[in-house]
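Trainee: Could we go through this one together and check that each term is earned?
Mentor: Gladly, let's open it up.

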Amino acid sequence: MERQNCYLNIVSHLLAILQLLIISRAHINNHTTTLTRHPLDPVTVHEINRVRTILSSYAANKSFTVYSLTLEEPPKSQVLNWRKGDLLSFRKISVIANFEGGPILVLSVDLKLGDVSQVKTIPSSRYPVPTSEEIMASLSATFSSAEFNQSILDRGVNLADVNCASLSPGWFGKHEGNRRIIKIQCFSMKDTVSLYMRPIEGLTIVVDLDTNQVVEISDHGRHIPIPNAVDIGYPNSGPNNTHKKTKPINPISMEQPKGPSFIVENNHLIKWANWEFHLKHDPRAGVIVSRAMFEDPESGKLKSVMYKGMVSEMFVPYMDPTEAWYFKTYLDAGDYGLGLSTRALDPLNDCPKNAYYMDGLLVTSDGTPFIQSNVICVFERYAGDIAWSHTNNYVAGEEIYEQRSKVTLVVRMVPSIGNYDYIMDWIFQIDGLIRIESVEDEVKMER
């Protein structure tokens, strides 16, 4: 019996290793390539480094801050006329940046010419997603304010227990002038792991992102008590947790003995059943699906279903007109970036074991490229559903019994912004239909 148990343990261990190998083999992205094989392919590491060199030359070696660096997509007519193997005559990169504290600019960098071909100035009422460095500087400026510190102490809160967050950035009227500002609000973290459960209401700090100075403090909520730290922890967390756990179920796995039915060409072209489409990660939209085409079963010709699909915006207005809440009108794509906020997917939990994973290539504020791994997964899904079922038994000897299983192809990303997790699925069906599903998981604490 002991020897049998030993063999079982060895087999289980080998199966676990094999499973990890399957997962790792499903993720093969070459980030060192200097080639782009499709006009809609995202920028490469090589191209980002070229853009940095061009920007340094353009700015006469002045320092610059990069807020966004993405592909400037070619005209639609060029994309439609492009065929596999054609040279890419159009390759421009759109950059949002400023140079040594100057105005925010939108620059078009022509990689073929090796120069900046166009420059536009952004109006003062519009500005890009703040960089992580700017957000950290705004939080540091908040804690450096004597007025802010005194307000916290007057509420009877220990400064060591305070954590602050930069909430919805944006321009809220001419009274704010030409400044690029952000509003900060704070929370007590005493006896809780949840940032949002113990808000210090009525206290809003306005910080100028360009000067890192506190320009205004709105303090109208000292009469509002801070919620008690009783039963407000994250469920199933903490040593004294009393949350009732869900009874466990047996493991479920969809087996594919011959492997998945879809193929991935050149990292971005997906082919499955009668479908063919281009897929990439984008800092703002997260997932972009382009040139989605479906092969007509009768003619064999590819028919265009969708030229380009993406999340244009995720609007979350709290609809409270009071001083401390009116500006909480979150634009999650524009204010934070769904692609910037997309986390690495957890194999076997976020996506099944035969999934293919795609990385996101992003840039730091100085234009240095970095890779966010496993931000998109592609997999086939079968949940026991029926796509088609028909019975015809009216004529003896010519009975018809036909059933077809409903198998779909899923493209998934999971942006995590604040206490919201968006599970966003693009679902491709064998009948030529595309569906988009978004499940919003807001973390709500029990009280």
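The talk below turns to a nonpolar core and to the strands around it.

Mentor: Keep in mind that this is a predicted model.

Trainee: What makes the set of 37 residues a nonpolar core?

Mentor: A nonpolar core needs buried residues of types such as Val, Leu and Phe, joined through side-chain atoms within 4.5 Å. Phe277, Leu279, Val289, Val411 and Phe428 touch the most other members of this core, the largest one. Those five names are of types on the list, and membership itself requires burial, so "nonpolar core" is the right term.

Trainee: Which elements give two or more residues to this core?

Mentor: They are β10 (269-272), β11 (275-282), β12 (286-295), β16 (356-363), β17 (369-392), β18 (400-413) and β20 (420-429). The largest share, 5 residues, comes from β20. Another core, of 22 residues, lies apart from it and has Ile54, Phe64, Ala97 and Val363 among its members.

Trainee: Which residues does Phe277 touch, leaving out those up to four places away in sequence?

Mentor: The list for Phe277 is His268, Leu269, Ile270, Val289, Ser290, Arg291, Ala292, Leu409, Val411 and Phe428. Each of them has heavy atoms within 4.5 Å of Phe277, so each counts as a contact.

Trainee: Why is β12 called mostly covered?

Mentor: Buried means under 20% relative accessible area. In β12, 9 of the 10 residues are buried, so the phrase fits.

Trainee: How do you know that β11 and β12 pair?

Mentor: Pairing takes at least two bridges. β11 and β12 have 7 bridges and run antiparallel, so they pass. One example is His278, whose bridge partner in β12 is Ser290. A hairpin of 3 residues joins these two strands.

Trainee: And what joins β12 to β13?

Mentor: Again 7 bridges, with β12 and β13 (residues 302-310) antiparallel. Glu295 stands opposite Leu302 in β13. Their hairpin has 6 residues between the strands, and Gly300 there takes a positive phi near 75°.

Trainee: What makes β9 and β10 a pair?

Mentor: β9 (residues 263-265) and β10 share 3 bridges in the antiparallel sense, against a minimum of two, so they qualify. Val264 stands opposite Ile270 in β10. In the hairpin of β9 and β10, Asn266 takes a positive phi near 55°.

Trainee: How many bridges join β10 to β11?

Mentor: There are 4, and the strands run antiparallel. Trp272 has Trp275 in β11 as its bridge partner. With 2 residues between the strands, this hairpin has Ala273 at a positive phi near 50°.

Methods
Residues numbered from 1 in each chain as written. Predicted model: local features only at pLDDT ≥ 70, side-chain atom pairs only at ≥ 80, totals over all residues. Heavy atoms only, no water. Buried < 20%, exposed > 50% of the residue type's maximum accessible area, 1.4 Å probe, protein only.
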